[in-house]
Amino acid sequence: MEFNRNKSIYLQIAEGISEKILSGELKEGDRILSVRELGAELGVNPNTAMRSYEKLTADGIIYNQRGIGYFVADGARRIVLSQMRQEFLEIELPDIIRRMKLLEINPKEVF
């Protein structure tokens, strides 16, 4: 995974896991990598991986079964879809619309 310097690594990791859930690569009930496994796979400190898991847990997207590991929660796809749609509509889309206006791009040219 290649990281963007403008955003915290732990948030990028959480987004990557969320995208895997949204795409169906990870399904509800699936076990995900341990904190150490994820850190090793991505080449990040396990504490960074843990912060990602803490965020996803707080958002209700994953849960921990003590001694067994982390799993994708029931309803995770719905939560991820809602969060990502909200972020797109509130943050990304206004930037896209602003750039289209600056570049004099008509929406009909895009669609």
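Which side chain meets that of Lys7 in a salt bridge at 2.1 Å, N to O? Select Lys7 and Glu15 together, and you will find that their side chains form this pair, a salt bridge being a side-chain nitrogen of Lys or Arg within 4 Å of a carboxyl oxygen of Asp or Glu. Before going further, note that this is a predicted model, in which local features need pLDDT of at least 70, side-chain atom pairs count only at pLDDT 80 or more, and totals for chains, interfaces and linings use all residues. Residues are numbered from 1 along each chain as its sequence is written, and side-chain values use heavy atoms, with hydrogens and water left out.

**First stop: the salt bridges**

Keep Lys7 selected and add Glu87, whose side chain also meets that of Lys7 in a salt bridge, here at 4.0 Å from N to O. This pair links distant parts of the chain, since Glu87 sits in helix H4 and Lys7 in the segment before helix H1 (9-23), 80 residues apart; helices (H or I, at least four residues) and strands (E, at least two) are DSSP runs, numbered from the N terminus. Lys7, Glu15 and Glu87 are thus linked in a network of salt bridges. Lys7 counts as partly exposed because its relative accessibility is 30%, where buried means under 20% relative accessible area, exposed over 50%, and partly exposed in between (1.4 Å probe, protein chains only). Glu15, with a relative accessible area of 25%, is partly exposed as well, and so is Glu87 at 32%.

Next, move to Asp59 and Lys55, which form a salt bridge with their closest N and O atoms 2.6 Å apart. Asp59 is partly exposed at 24% relative accessible area, and Lys55 is partly exposed at 31%. A search of the whole structure finds three salt bridges. In general, side chains of opposite charge can pair when their charged atoms come close.

**Second stop: helix H3**

Now select residues 46-58, the 13 residues of helix H3, and set a distance between the C-alpha atoms at its two ends. At 1.5 Å a residue the helix should span 18 Å, and its end C-alpha atoms are 18 Å apart, which agrees; the expected span is 1.5 Å times one less than the number of residues.

Which residues of H3 are buried? They are Ala49, Ser52, Tyr53 and Leu56, and they lie on the same side of H3 because they cover an arc of only 95° around the axis, the arc being that of the directions from the helix axis to the C-beta atoms. Turn to the other side of H3, and you will see Asn47 and Ala58, which are exposed. The buried residues of H3 pack against H1, helix H2 (35-42), strand E1 (62-65) and strand E2 (69-72), with contact meaning heavy atoms within 4.5 Å.

**Third stop: two buried residues of helix H1**

Select Ser18, which lies in helix H1 and is buried, with a relative accessible area of 7%. Not counting residues up to four places away in sequence, Ser18 touches Leu56, Ile61 and Val80.

Continue to Gln12, also placed in helix H1, which counts as buried at 8% relative accessibility. Leaving aside residues up to four places away in sequence, Gln12 touches Met1, Glu2, Phe3, Asn4 and Lys7. One of these contacts, Asn4, has its place in the segment before H1 and is partly exposed, with a relative accessible area of 41%. If you draw a line from the C-alpha atom of Asn4 to that of Ala40, 36 residues along the chain, the separation is 19 Å.

**Last stop: the loop between H4 and H5**

Finally, select Glu104, which lies in the loop between H4 and H5 and is exposed, with a relative accessible area of 71%. Its phi is near 55°, a positive value in a residue other than glycine. Most residues other than glycine have a negative phi.

In the loop between helix H4 (76-102) and helix H5 (107-110) you can also select Ile105, which is partly exposed at a relative accessible area of 32%. Add Leu102, Leu103, Val110 and Phe111, because together with Ile105 they make a nonpolar surface patch of about 580 Å², where patches are made of residues with over 30% relative accessible area and no salt bridge, like charges being joined within 9 Å and nonpolar side chains (Val, Leu, Ile, Met, Phe, Trp, Tyr) within 5 Å. Accessible areas come from the Shrake-Rupley method with a 1.4 Å probe, and for residues, only the protein chains shown count as cover.
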